[in-house]
Amino acid sequence: MIYANGRLDRRCIKTRKAIKQVFIRMMTEKDISDITIKEIADQADINRKTFYSHYTDVNGVLDDIENDVLEQLCGIIESFDIQKAIYDPYLIFKELTNIINDDFDFYKYFLQSTSDSRLLEKIKHVLKNRIIELVGPEINNKKMLPYAIEFAVSGILSIYREWFNSDRTYSLEEVSAFAGSLTFNGLYTIFR
């Protein structure tokens, strides 16, 4: 990669962004295993050599996208006062709603797809560990905390998946508020 003053060159950033955008769009159209480097390069208007200067294979693009998603989610968790968020989790869900709305097609694919459980498992793992790290000291029943967090994170992801797979008669904001309420009521028992 080309670096200028110790930072990634703007052209490289632009190329990587184009590759990821094409890949995300292709994910909504076909199974990941059917996506080829040639297709990505053609649609990103680059040659294969340029692709290989950024990624070794299609999975490298997927890893980069997964890391972006995880970074966003961890950023949300870390930006909130966890004590306030425990008692008003809608604040976090409002941010999740904004992220989903910013890249609706990607999250629609991600939450409807059964083929990419790898990202789902990474998200669950990272969120569980980060939440445990942040709220662990405040919990009376520390032994049950991993179970409670697994329940909450799995439930949240399931709620969003159900919404994407439904006829969407409720707005994403309404679903987020409902998920926040369920999360609070479920986790509240462990904070007593």
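These are my notebook entries on the salt bridges of this predicted model.

Entry 1, the count. I began by asking how many salt bridges the structure holds, and the total came to five. I then took up individual pairs, noting for each the N to O distance, the helices involved and the exposure of the residues.

Entry 2, D64 and K20. I looked up this pair and found a salt bridge in which the closest N and O atoms are 3.6 Å apart. The two residues belong to distant parts of the chain, with D64 in helix α4, which covers residues 58-79, and K20 in helix α1, which covers residues 10-27, so that I recorded a separation of 44 residues. I also asked whether these partners are buried or exposed. D64 has a relative accessibility of 15%, and because buried means under 20%, I entered D64 as buried. K20 likewise has 15% relative accessibility and counts as buried.

Entry 3, D68 and K20. Which other acidic side chain did I find meeting K20 in a salt bridge? D68 does, with a distance of 2.6 Å from N to O. This pair, too, links distant parts of the chain, as D68 sits in helix α4 and K20 in helix α1, 48 residues apart. For D68 I noted a relative accessibility of 32%, which makes this residue partly exposed, whereas K20 is buried.

Entry 4, the network. Having seen K20 paired with D64 and also with D68, I checked how these residues are joined, and found that R16, K20, D64 and D68 are linked in a network of salt bridges.

Entry 5, the surroundings of D64. I returned to D64 in helix α4 and asked which residues it contacts once its neighbours within four places in sequence are left aside. The answer is R16, K20 and Y55. Of these contacts, R16 and K20 also belong to the salt-bridge network that includes D64, and for K20 I had already written down the direct salt bridge to D64 at 3.6 Å.

Entry 6, E39 and K30. Last, I looked up the salt bridge between E39 and K30, whose closest N and O atoms are 2.6 Å apart. Here I entered E39 as partly exposed at 25% relative accessibility, and K30 as partly exposed with a relative accessible area of 28%.

Conventions. Residues numbered from 1 in each chain as written. Predicted model: local features only at pLDDT ≥ 70, side-chain atom pairs only at ≥ 80, totals over all residues. Heavy atoms only, no water. Helix = DSSP H or I, 4+ residues; strand = E, 2+ residues; numbered from the N terminus. Buried < 20%, exposed > 50% of the residue type's maximum accessible area, 1.4 Å probe, protein only. Contact = heavy atoms within 4.5 Å.
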